[in-house]
Structure formats: structure tokens, C-alpha cells
Amino acid sequence: MDNNNIIEVKDLRINIKIDEGTLTAVRGVNFEIRKGETLGLVGESGCGKSLTSKAILGINEKKCKAEGEIWFEADELGRVDLLTLNPRGKEIRSVRGKQISMIFQEPMVAFSPMYTIGNQINEATLLHITKDKKKAKEISLEVMRKVGIANAEKRYDQYPHEFSGGMLQRALIAMALVCNPKLLIADEPTTALDVTIQAQILELMKSLQKDFGMSILFITHDLGTVARMCDRVAVMYLGKIVESAPAVEIYKNPQHPYTQGLIGSVHKIGTKNQERLFSIEGTVPLALNLPAGCGFYDRCHKRIEGVCNVYDPSLVDIGEDHKIACFACTGCPNAPKNQEVTDK
């Protein structure tokens, strides 16, 4: 494990047994997150982003069987493969919530309606920092103020239904940050919020990242948010990383046809209203009994007949910190020679 990395995910696979067979939701995911950086994990709904993030914390459902390696430099355990730990054991609990925290998608359902906001933030404080209830409350109030919750003393004793969506999102961030984690996983943290509140939450997260010195795994399908938040981007499709590069490089020089399609489907400033946005043909297939070859084969306008439908491309380097999984891309070292690219 590289000393500059806070976490390394290697060949992560998640299989789900269903009546129709085995659903391969995550198919050999590889990425690393460096200390102090924000990695954006981008892709359509259902591509395996949330399952990947939950596998890091060991909180997927029992029917989700994870294989591979997830290396993390834990305080008490040292360098450890998180997948080898009992998901209900003491060791993973010393990491979960304390050194790795998560902001879930829907703040309205992330909190229990039966307990006050302060009580739920305090749960992590009492478990990982101090058993003194008075001191725990002071710590919780301090982080509530830090995330911009006005009149924190009053809000501390209120219930989730008494919070607006934006304020509830701030409380969720406070709960994730109360133990000063090394890694924050933010799973679609602004999806349910209006544009103004989204901007406030994103600025808040960037500010808190500097204060806490943490790394962030930012999961989203919003490319505008990625451009604003992330240092590097990993594009995910059908359970695999198909391209990863610095954020500037992804927007300036996207290589994978899927990445090009995602960026082309976003309306740009200066374009005329009547101009049609790019549309990726077809739909994401179900990751069940998948045929051989690249998962994007049926939707790709650069597909190579006899190659892309036979072999599954691996992620390889094509430039400085730029990796891609595509046979048809120019300069890709794993592309078979003497093959012609066939457009649809």
C-alpha cells in the first residue's frame, strides 16, 4: 500500500444471489484515494457506486457477497484489509464511524424519527470519544455549530421532522464528522436539495475538508458537482471503473465513449437552445448472466466487432494518472492491433 494513499480498493467484486441467478453488481473495481484529496465516483443509477462504498464499511446486506481487497491504514489495527474483518466485530467498529464515516443519500430516512438530533449525533461521540455525557454533548454542539446549524443548543433537542431538508443534511454531516474521520464517504449528499442549498452544502464540505484534513469519496451522477468538488474522477459503468483521471483531464480530454457520452449530455454555457444534447443509445443491461466482452459493447459507437464482444478490457495507463478500460481508444496499450473500428 502506497504511503500517500488513505485507502486502496483492489479487484472488488460483489455478487448477489437472486431467484434468477447471480447478480454481479460490482465486477472488479480498482481505485485508490490519496490523503487529503477528493475522488469523485461517477455513473448512472444502478452501476454499483453505493454497494462499493458500503463494502468499505461492511454494511451491505448479508446477501451481498464481497470479494477482493480493501486496504486501509487504521489507527489501532495498522494496515488492514477491511474485507477480512467481521462486519459485526469489534475491529471494524473501531474503524466504522470513527476513522471512516458516511453521509447517506436521503437525510430524511437516515435519522430515526424516535430520537432527537443531538441524541443521534451523540451516539458516535459516546462510542468513540468519551463516556462523559456532558463532554460528549459539548463536542456534538461544537460540530453542529461548525456545519452552520444556527442556535445549536435548541436544535440539539429537536427531532428530525422539525428540521428542513438543508438543515437535516447539515446535521447528517455533523454526525459523520464528529469523530474527525480520515475518510468521509459522501453518497449523493445533495441529491434531495434545491440548487441554492446544494451550493451551500458543497462549500461547507470543502471548507470542513481543509479544517479536518480528511479525504473524501464523493459519489454522484451530477457532473457539475464533480467539477466543483473533486480532484480526481473515476467513471463507473455496469459495476466496473471504465476511466479514471484528474478532474480537469476528464473534462478536457475524455477518452472512453461512455465518459464522452456523459459529458456530451450536459448543457454547456454558450450553446444555442435548439441544439440537441448528445444521447447515449440503449439502456444499462442487468448485471445478470452477462455475456463475454465489454459491458458497454451494445451502446458503444466505437465498438470493435470480434474484440469488444469477446474480451473484457482491463484498466490500463494511457497517460499521467489517466487510466482507461477500452480496446477502441487511440493509444490504449491493451487494444488488439490490426483491428478496424466499426461505427454503428
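Two residues are in contact here when they have heavy atoms within 4.5 Å of each other. With that in hand, take Gln209: leaving aside its neighbours within four places in sequence, this residue is in contact with Gly36, Glu37, Thr38, Met214, Ser215 and Ile216. Keep in mind that you're looking at a predicted model. Below is a quick tour of some spots worth finding in it, starting with the aromatic rings.

**Aromatic rings**

- A search of the whole structure turns up three aromatic pairs.
- Take Tyr237 and Tyr258: their ring centres are 4.7 Å apart and their planes meet at 55°, so this pair counts as tilted.
- That pair ties together distant parts of the chain, with Tyr237 in strand β9 (residues 232-237) and Tyr258 in helix α11 (residues 257-264), 21 residues apart.
- Both partners, Tyr237 and Tyr258, are buried.
- Tyr237 also pairs with Phe296; here the ring centres are 5.1 Å apart and the planes are at 85°, so the pair is edge-to-face.
- This one links distant parts of the chain too: Tyr237 sits in strand β9, while Phe296 is in the loop between α11 and β11 (316-319), 59 residues away.
- How buried is Tyr237? Its relative accessible area is 3%, and because buried means under 20%, Tyr237 fits the label.
- Phe296 is buried as well, with a relative accessible area of 3%.
- Put the three together and you get one aromatic cluster, made of Tyr237, Tyr258 and Phe296.

**Charges over rings**

- Which ring does the charged end of Arg79 sit over? Look for Trp71: the charged end is 4.1 Å from the centre of that ring.
- Arg303 does something of the kind with Tyr297, its charged end sitting over the ring at 5.1 Å from the centre.

**Around Met236**

- Met236 is another residue of strand β9, and its relative accessible area is 0%, so it is buried.
- Leaving aside neighbours within four places in sequence, Met236 is in contact with a list of residues that includes Val29, Leu41, Val42, Gly43, Glu44 and Cys47.
- Also among the contacts of Met236 are Gly48, Lys49, Thr52, Ile241 and Tyr258, the last of these being a member of the aromatic cluster.
- Lys49 is a nice one to trace: Met236 and Lys49 are 187 residues apart in sequence, yet 7.5 Å apart in space, C-alpha to C-alpha.

**Cysteines**

- How many disulfides does a search of the whole structure find? Zero.
- Cys230, for one, is in no disulfide, and the nearest cysteine sulfur, belonging to Cys47, is 14 Å away.
- Cys230 has 8% relative accessibility, so it counts as buried.
- Cys329 is buried too, with a relative accessible area of 5%.

**Two buried polar residues in helices**

- Asn122 lies in helix α4 (residues 117-128), and at 8% relative accessibility it counts as buried.
- The side chains of Asn122 and Ser140 are joined by a polar contact of 2.5 Å.
- Apart from neighbours within four places in sequence, Asn122 is in contact with Lys133, Ala136, Lys137, Ser140 and Tyr156.
- Back to Gln209, from the opening: this residue lies in helix α8 (residues 195-212).
- Is Gln209 buried or exposed? Its relative accessibility is 11%, so Gln209 counts as buried.

Note on methods. Residues numbered from 1 in each chain as written. Predicted model: local features only at pLDDT ≥ 70, side-chain atom pairs only at ≥ 80, totals over all residues. Heavy atoms only, no water. Phe/Tyr/Trp six-rings, centres within 6.5 Å; stacked < 30°, edge-to-face > 60°. Helix = DSSP H or I, 4+ residues; strand = E, 2+ residues; numbered from the N terminus. Buried < 20%, exposed > 50% of the residue type's maximum accessible area, 1.4 Å probe, protein only. Lys NZ or Arg CZ within 6 Å of the ring centre and 35° of its normal. Disulfide = S-S within 2.5 Å. Polar contact = N/O pair within 3.5 Å; in protein donor to acceptor, adjacent residues only side chain to side chain.
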